[in-house]
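Let's walk through this fold together, strand by strand and then out to the surface. Have the viewer open and follow along.

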Amino acid sequence: MEEVSLVIMAAGLGSRFGAPKQLVPVGPKDEIFLDYAIEQAIEVEIKKVVVVTRSILNEQLKKHLFKYKQSDLDIKIYADGADVAEIVKMDSENQVDGFTTNPTLMKKSGITDYLSIAKEALSHIKDLPISFEVFSDELDEMKIQAHKLRDLAENVYVKIPVMNTKKQPTYDL
C-alpha cells in the first residue's frame, strides 16, 4: 500500500481571531485543533505528518507536539516564511525540519526578485528540505518556473497550485 502523509497548513496568524488559532484550547482536555487532526491521522494509520507553521509559533508547537513522539507517528515541523535571515537562524538553531515559502509571503515582505531570494536561502540551507512555489498563472510558464526552481538544489521541492486563476488544472505539468 502506498504511504500517505498528512500536511497540516497551520501558518495563519489569526489576525481576525486576534491570536494564533493553532494554540487555542478547544477541547474538553485543552486539546488544540492540531490534536484533532493528528488523532485522526493516527486512527487511519497515517505514519507521517508535516505541520507547516510560521516561525513565531515553532517553539510552542514543538513543545505541544512532543507528546506524539512516543507514537509511531513521524511529525515534522516546517517553517513558512520569506525572511532569509530568519530562515538561516532557525536552521542554525535546529528549530525546524524544513522550510517553505510562497510568492504571497515574498510580496508582503517587499521581495521582487523571487529567484535571487531562493538562491540566497539555498546558499545557507544545504541539508533541510525547502520548497518554493511557482508564481506564474500561465501553465507553460509554470512548468518553466518549476524546472528552474527544481534545478537550484537537491533539497528543493516545488509547489504547483492545483489550478490557476482561470480554473485550468495543472495536473499535466
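A good place to start is a pair of strands in this predicted model: β2, covering residues 48-54, and β3, covering residues 74-80, are joined by seven bridges in the parallel sense. To find one of these contacts by eye, look for Lys 48, whose bridge partner in β3 is Asp 74.

Now zoom out to the whole sheet. Strands of a sheet pair through backbone hydrogen bonds, and the pairing can be parallel or antiparallel. Here six strands make an open sheet with parallel pairing, and their order is β1-β2-β3-β4-β5-β6. The edges are taken by β1 and β6 (156-159); each has a single partner strand, so one side of each is left without a neighbour in the sheet. On average, neighbouring strands are turned by 25° against each other, direction ignored.

Next come two helices that pack around one end of that strand order. Helix α5 (residues 114-124) packs on the sheet and touches β5 (130-133) and β6. The direction of α5 makes about 180° with that of β5. Helix α6, spanning residues 139-150, lies across β5 and β6 and runs at about 165° to β6.

Finally, let's turn to the surface. Which residues make the nonpolar patch of about 290 Å²? They are Val 26, Phe 33 and Tyr 36. Val 26 sits in the loop between β1 (5-10) and α1 (33-43). Its relative accessibility is 40%, and because partly exposed covers values between 20% and 50%, Val 26 counts as partly exposed.

Key: Residues are numbered from 1 along each chain as its sequence is written. This is a predicted model: local features need pLDDT of at least 70, side-chain atom pairs count only at pLDDT 80 or more; totals for chains, interfaces and linings use all residues. Side-chain values use heavy atoms; hydrogens and water are left out. Patches are made of residues with over 30% relative accessible area and no salt bridge: like charges are joined within 9 Å, nonpolar side chains (Val, Leu, Ile, Met, Phe, Trp, Tyr) within 5 Å. Accessible areas come from the Shrake-Rupley method with a 1.4 Å probe; for residues, only the protein chains shown count as cover. A salt bridge is a side-chain nitrogen of Lys or Arg within 4 Å of a carboxyl oxygen of Asp or Glu. Helices (H or I, at least four residues) and strands (E, at least two) are DSSP runs, numbered from the N terminus. Buried means under 20% relative accessible area, exposed over 50%, partly exposed in between (1.4 Å probe, protein chains only). Two strands pair if DSSP finds at least two bridges between them. Axes are lines fitted to C-alpha atoms, for helices over the stretch in contact, and angles run from 0 to 180 degrees between N-to-C directions. Contact means heavy atoms within 4.5 Å.
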